[in-house]
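Reader: I'm new to reading structures, and I'd like a close look at one part of this one. Please pick a single spot, show me what surrounds it, and then work outward step by step.

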Amino acid sequence: MAASSVPPDEVLLSKRVQEMVLLGEEPLGPYICRSGEDVDENEDIMDTSPIPIIDLNRLSSSTTSDNERERELEKLGSALSSWGCFQGIGHGISASFLDKIRQVSREFFNQPMEEKNKYAKSVVDVHGYGADPVPEQGQSLDWSDRLFLEVFPEDRRQYNLWPQIPIAFREVLEDYAEKTKMVTEITSKAVAKSLKLEENCFLEQFGKQAQLQARFNYYSPCQRPDLVLGLKPHADGTGYSIILQDEVGLQVLKDGKWYTVPKDPTALFVLMGDQMEIMSNGMFKAPVHRVLSNSERDRISVAMFYTPEVGKEIGPEDALVNEDRPRIYKKVKDYAETHWKFYQRGMRALHTAHI
């Protein structure tokens with residue numbers, strides 16, 4: 001086909017779920033992933049109470065007593081070894097600022113398609129506005145749209161993909177990135193201390209140029225939540241992820257049962273990824289999680305992915321390897337790329353790091 005007859009770029013863009021909903025289209029074909037599953041219509045509000053809650057202020061404040069800090073560290077270690085996640089409170093980010101993040105997120109997704117498509121990605125790109133790159137044949141598509149942006153290191157930012165409307169978007173995201181970076185430092189130190197390790201050991205593994213990526217997610221209402229998922233079951237390939245949500249819908253799998261992460265507008269949900277499981281020599285687990293769809297309401301979330309710097313080799317901390325607990329994982333480099341290849345096939349990649 002001659003170059004002049006190539007169709008407009010629109011045909012190469014990811015399908016927009018939000019646009020499908022506005023046109024009244026029902027989910028078809030590759031979006032259907034739950035056919036025949038026994039689905040409870042109230043499943044997104046069930047089993048929320050067991051998710052562990054950790055007060056990060058107790059772990060980092062100089063005014064916290066030694067006894068209080070030790071108790072919270074024990075809670076943290078227990079949460080990460082059994083759940084691999086926790087609801088983080090006392091993180092130092094004000095509720096009013098978290099509302100700002102939600103507000104600019106909604107304002108972006110509520111714009112006309114023409115405006116959002118200024119930041120559109122193709123079906124194979126990761127960064128920009130759209131849906132995830134099309135997975136391999138036979139894998140389902142998620143009932144969601146997203147905006148994926150590089151945040152740290154700063155020289156990796158592609159500002160041409162950062163929305164100019166709402167006007168406050170760039171300033172709010174830059175501020176949130178700085179605040180989230182502080183949360184990752186507090187968390188990384190606390191995680192190390194919960195394992196009786198030197199507090200900076202995980203920070204050193206992540207490296208001075210550790211990556212922080214922002215993923216703004218929009219989950220449209222769906223007429224058939226019994227057939228589709230907002231986000232299919234998976235574990236993250238990150239070190240860990242920090243998630244801000246507005247409504248319930250995120251679920252974590254534990255002992256064969258799905259548990260809903262409760263709605264708390266002041267909390268940040270911290271979720272271990274495969275690379276923290278590797279660095280902890282399997283002491284902490286990267287949980288499988290998913291996002292439900294809902295027939296009556298939409299939902300947004302902002303996930304910040306914290307990952308070791310590009311080219312940095314990571315592996316189990318030496319102090320966690322002994323006769324009783326031999327080395328489970330080998331050292332790996334740029335694991336997130338390996339993870340993504342398997343994710344596109346509907347598989348986990350953790351086995352590639354096993355010894």
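Author: Strands β7 and β10 each give at least two residues to the lining of the second largest cavity. Keep in mind that this is a predicted model. The cavity holds about 40 Å³ of space. Its lining is made of Gln87, Ile243, Gln245, Pro262, Asp264, Ala267, Leu268 and Phe269. By class, five of these are nonpolar, two are polar and one is charged.

Now place those strands. β7 covers residues 240–245. β10 covers residues 268–272. Both belong to an open sheet of eight strands. Read across it, and the order is β1-β2-β10-β7-β12-β5-β4-β3. So where do the edges fall? They are β1 (53–55) and β3 (128–130), each pairing on one side only. The pairing in this sheet is mixed. From one strand to the next, the twist averages 25 degrees.

Take the neighbour of β10 on one side. Strand β2, residues 85–89, joins β10 through four bridges. These two strands run antiparallel. One opposite pair is Gly88 with Leu268 of β10. Leu268 is also among the residues lining the second largest cavity.

Two helices lie across this sheet. Helix α3, residues 66–82, lies across β1, β2 and β10. Its direction is about 145 degrees to β1. Helix α4, residues 95–109, lies across β3, β4, β5, β7, β10 and β12. It runs at about 110 degrees to β12.

Go to the other neighbour of β7. That is β12 in the sheet order, and β12 spans 299–307. Ser301 sits in β12. Is Ser301 buried or exposed? Its relative accessibility is 5%, so it counts as buried; the cut-off for buried is under 20%. Leaving out residues up to four places away in sequence, Ser301 touches Arg215, Phe216, Asn217, Tyr219, Ile243, Leu244 and Gln245. Two of these, Ile243 and Gln245, also line the second largest cavity.

Several of the contacts of Ser301 bring us to β5, residues 211–219. Nine bridges join β5 to β12, and the two run antiparallel. Arg215 stands opposite Ala303 in β12. On its other side, β5 pairs with β4 through seven bridges, again antiparallel. There, Glu150 has Gln213 of β5 as its bridge partner.

How enclosed is β5? Nine of its nine residues are buried, so the rest of the structure largely encloses it. In a regular strand, side chains alternate between the two faces of the sheet. In β5, both faces are covered. One side has Gln211, Gln213, Arg215, Asn217 and Tyr219. The other has Leu212, Ala214, Phe216 and Tyr218.

β5 also leads to an open space. It is one of the elements giving two or more residues to the lining of the largest pocket, along with β4, β6 (229–234), β11 (289–292), β12 and α9 (335–343). α9 gives the most, with seven residues. The pocket holds about 860 Å³. Its lining counts 40 residues, and those nearest its centre are Phe148, Gln213, Phe305, Ala336 and Trp340. By class, the lining divides into 16 nonpolar, twelve polar and twelve charged residues.

β6 and β11 bring in another sheet. This one is open, with four strands in the order β6-β11-β8-β9 and antiparallel pairing. Its edges are β6 and β9 (257–260), each pairing on one side only. Here the twist averages 30 degrees from strand to strand. β8, residues 250–254, pairs with β9 over four bridges. Within that pairing, Leu253 stands opposite Trp258 of β9.

Finally, back to enclosed spaces. How many cavities of 30 Å³ or more does the whole structure have? The search finds two. The largest has about 60 Å³ of space. Eleven residues line it, and closest to its centre are Leu292, Ser293, Asn294, Arg297 and Arg299. Its lining has three nonpolar, four polar and four charged residues. The second largest cavity, where we began, has five nonpolar, two polar and one charged.

Methods: Residues numbered from 1 in each chain as written. Predicted model: local features only at pLDDT ≥ 70, side-chain atom pairs only at ≥ 80, totals over all residues. Heavy atoms only, no water. Pairing = 2+ DSSP bridges. Axes fitted to C-alpha atoms, helices over the stretch in contact; angles between N-to-C directions. Contact = heavy atoms within 4.5 Å. Buried < 20%, exposed > 50% of the residue type's maximum accessible area, 1.4 Å probe, protein only. 1 Å grid on protein atoms, 1.4 Å probe; cavity = no way out; pocket = protein on both sides within 12 Å on 5 of 7 lines; lining within 4 Å. Points joined across faces, edges and corners; volume = space filled by probe spheres on them. Nonpolar A, V, L, I, M, F, W, Y, C, P; charged D, E, K, R; others polar.
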